[in-house]
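Colleague: Could you take me through the charged pairs in this model, and explain how each label is earned?

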Amino acid sequence: MKNRNSLFLLPFILLLVISCNEEKDEMKKSGEGVILGIFGGMGPEATADLYHQIIRLTPAETDQEHIPTLIYSLPQVPDRMASIRNQDLTIVPYLVEGVTRLEDAGASFIVIPCNTVHYFYDYMQDAVSIPIIHMIRETVNEVKLLYPDLKKVGLLATTGTIESRLYEDELVQNGYQVIIPDDPVETEMVMKAVFGIKAGSDKQTNEDLLAQAGNHIIKKGAELIVLGCTEIPLAFNPTRVDVPVVNATQVLARRAIETYFGMEKNSEGN
């Protein structure tokens, strides 16, 4: 009796296996094998903002047309500014864990919504076989593409990003003059706002501080402002300055979308 039941069920089991394989093939055909990985937590709200920008900018009309995404938020990554200033490499294992965990989980490529941590970009890229989009290089490419005639770029960023010359070196190599806030403005306006945003303090206060800092570098000659810290766009109001503003978070979101659809197209061709 038991053998007869097994024989009776066999066609249904085979049908189920075939159906599952067909569904897997269909998923591959639809590009769902391509997955975006976001290594976040530096800080958490900036990570949420990047994902919000990706959702907002993706040309999708249904849930199914949005990008499959893995987000690994690791707020325990040590302070990036202190790590750079002290040349402290104890941060590296945290970063390697972040990117390798995403790769192991199935990510096809990675974006990291933190400008300052790109000081350690090579350590992260060397740890994985999938590409990590370089936020700072892509932002400078955006400036070149959209504003080829402007040569004086103002930078609002963390002190760590400024001291490490992450943006300055890329911009200077591409023929730009970089204008940064004077030290008191950087400390009392930009960094005060950044720490305020991380702490969830009054948004209007943070907006006012960043508007003052923005207009300060405009008075110094900036023809364009790059928001080179992922916290800054959370409070910066572009209508309070009279020059174009390039938001590095939005640049990263657009590159993530472009990369996803490019990989999807290539996978369909194969």
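**Charged pairs and their surroundings**

Modeller: Let me begin with Lys 220, which is partly exposed, its relative accessible area being 40%. Please keep in mind that this is a predicted model.

Colleague: Why is Lys 220 called partly exposed?

Modeller: The relative accessible area of Lys 220 is 40%, and partly exposed covers what lies between under 20% for buried and over 50% for exposed, so the label fits. Asp 182, with 37%, is partly exposed too.

Colleague: What makes Lys 220 and Asp 182 a salt bridge?

Modeller: Their side chains come to 2.8 Å, N to O, and because the rule asks for a Lys or Arg nitrogen within 4 Å of an Asp or Glu carboxyl oxygen, the pair qualifies. The pair links distant parts of the chain, 38 residues apart.

Colleague: How do you know that Arg 137 and Glu 170 form a salt bridge?

Modeller: The N to O value for Arg 137 and Glu 170 is 3.5 Å, which is within 4 Å, so this pair also meets the rule. Arg 137 lies in helix H6 and Glu 170 in helix H8, 33 residues apart.

Colleague: Why does Glu 170 count as buried or exposed, whichever it is?

Modeller: Glu 170 has 19% relative accessibility, and buried means under 20%, so Glu 170 counts as buried. Arg 137, at 37%, is partly exposed.

Colleague: What makes Glu 97 and Arg 101 a salt bridge?

Modeller: The closest N and O atoms of Glu 97 and Arg 101 are 3.2 Å apart, and the cut-off is within 4 Å, so the name applies. Both residues lie in helix H4, four residues apart, about one turn of the helix.

Terms used: Residues numbered from 1 in each chain as written. Predicted model: local features only at pLDDT ≥ 70, side-chain atom pairs only at ≥ 80, totals over all residues. Heavy atoms only, no water. Helix = DSSP H or I, 4+ residues; strand = E, 2+ residues; numbered from the N terminus. Buried < 20%, exposed > 50% of the residue type's maximum accessible area, 1.4 Å probe, protein only.
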